[in-house]
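Work through these short exercises with the model in view. Try each task before reading its solution.

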Amino acid sequence: MFTRNRRLRSNASIRSLIQETQLTTNDFVLPMFVMEGDNKKEAISSMPGVFRQSLDLTVQQVKENYALGIKAINIYMKVSDNLKDNTGKEAWNPNGLMQTTIKAIKDAVPEVIIMPDVALDPYSIYGHDGIIKNGKVDNDSTLEALANMSVSLAEAGADIVAPSDMMDGRVLAIREALDEANYTDCGILSYAAKYASAFYGPFRSALDSAPVDSQDIPEDKKTYQMDFHNSREAITEVLDDVAEGADIIMIKPGMPYLDIVSKVREIITQPIAVYQVSGEYAMIKAAAQNGWLDNDKVLIESLTSIKRAGADMIFTYAAPEVAKLLNK
Ligand code: PBG
């Protein structure tokens with residue numbers, strides 16, 4: 001035997017010397033759920049450790065997390081039913097919860113990068129990411145709404161808008177609208193390869209944003225989000241979004257889709273973001289609470305695997321607790 005692969009595994013020092021991937025707090029984007037009110041904090045039962053919080057508590061948490069090394073956040077609004085309609089117009093209300101939240105966070109922690117989600121689902125009476133026309137999610141009228149929303153978020157101070165709606169042509173529509181309004185420095189992180197996934201369940205209950213049950217509208221998001229049986233299609237989606245002007249591209253969900261991440265990594269030079277989604281987080285937490293998995297070790301291993309596959313940044317609800325582990 002000339003080759004003995006175990007030689008370079010024989011102690012911790014040699015293992016650290018040959019380690020290819022390191023997870024750091026620089027990799028994290030923390031998704032946060034914001035709701036109306038003051039000093040309000042509601043637990044999300046399927047996501048232990050994650051809360052819907054009012055603006056004041058959100059700002060406080062952003063400050064604390066920034067001190068831990070978390071420099072980027074992705075924000076979602078829990079919108080009350082009376083503000084929802086089919087146009088999603090509350091999404092570009094200059095005094096809406098999203099806009100107010102962006103301003104308050106930028107005032108308190110100007111260094112933090114804010115990447116608000118762009119999609120109509122939290123604002124839609126139907127729970128769809130676009131406008132419903134003739135019983136379908138209408139692509140082209142939705143583009144205008146997404147462009148309005150993006151400009152409004154840039155005006156409030158967003159650094160990067162993150163369209164997660166999967167309409168065709170929206171990156172170009174958003175880029176043109178931002179440039180037209182002189183927000184040439186506002187970036188676009190596009191959810192380019194976003195699959196129609198059952199792993200989003202806990203997120204939709206957190207925001208009460210699941211498609212409503214009605215015969216008049218599609219029951220799920222399969223006419224716009226990707227079919228999980230496919231991978232070549234992901235390349236098409238990614239290349240289209242890059243050509244339309246996306247600065248960063250997203251693949252989502254995370255762990256069950258690392259084959260997609262590694263394929264895309266071979267093809268594009270732009271940064272890749274990967275989302276460890278609510279259902280992935282819930283699975284780890286449920287098993288850990290039962291004593292079946294080691295919470296800390298599994299979180300670090302799952303996030304490191306995502307980075308090893310090719311992610312430059314990871315959206316994860318576990319960012320604060322993993323930052324504490326990494327800072328130890
Ligand atoms: C909304 C959106 C979703 C997620 C992020 N943005 C849900 C969906 O598409 O239904 C899911 C995130 C998660 O599950 O953690 N467009």
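**Exercise 1.** Is Lys194 buried or exposed?

*Solution.* First, some ground rules. This is a predicted model, where local features need pLDDT of at least 70, side-chain atom pairs count only at pLDDT 80 or more, and totals for chains, interfaces and linings use all residues. Residues are numbered from 1 along each chain as its sequence is written.

Next, take the cut-offs. A residue is buried if 20 or more other C-beta atoms, placed from the backbone, lie within 10 Å of its own; it is exposed if 12 or fewer do, and partly exposed in between. Lys194 has 27 C-beta neighbours inside 10 Å, so Lys194 counts as buried.

**Exercise 2.** Find what Lys194 touches, leaving out residues up to four places away in sequence.

*Solution.* Contact means C-beta atoms, placed from the backbone, within 7 Å. Lys194 touches Ser164, Met166, Gln225, Met226 and Lys252.

**Exercise 3.** Which residues does the UniProt annotation "active site" cover?

*Solution.* The unreviewed UniProt entry gives Lys194 and Lys252. Such annotations may be inferred rather than shown by experiment. The two span 59 residues in sequence, yet their C-alpha atoms are no more than 5.0 Å apart, so they gather at one spot.

**Exercise 4.** Place both lysines in their strands, then classify Lys252.

*Solution.* Strands are DSSP runs (E, at least two residues), numbered from the N terminus. Lys194 lies in strand 10, residues 187-194. Lys252 lies in strand 11, residues 248-252. Lys252 has 24 C-beta neighbours inside 10 Å, so Lys252 is buried.

Key. Helix = DSSP H or I, 4+ residues; strand = E, 2+ residues; numbered from the N terminus. Contact = placed C-beta atoms within 7 Å.
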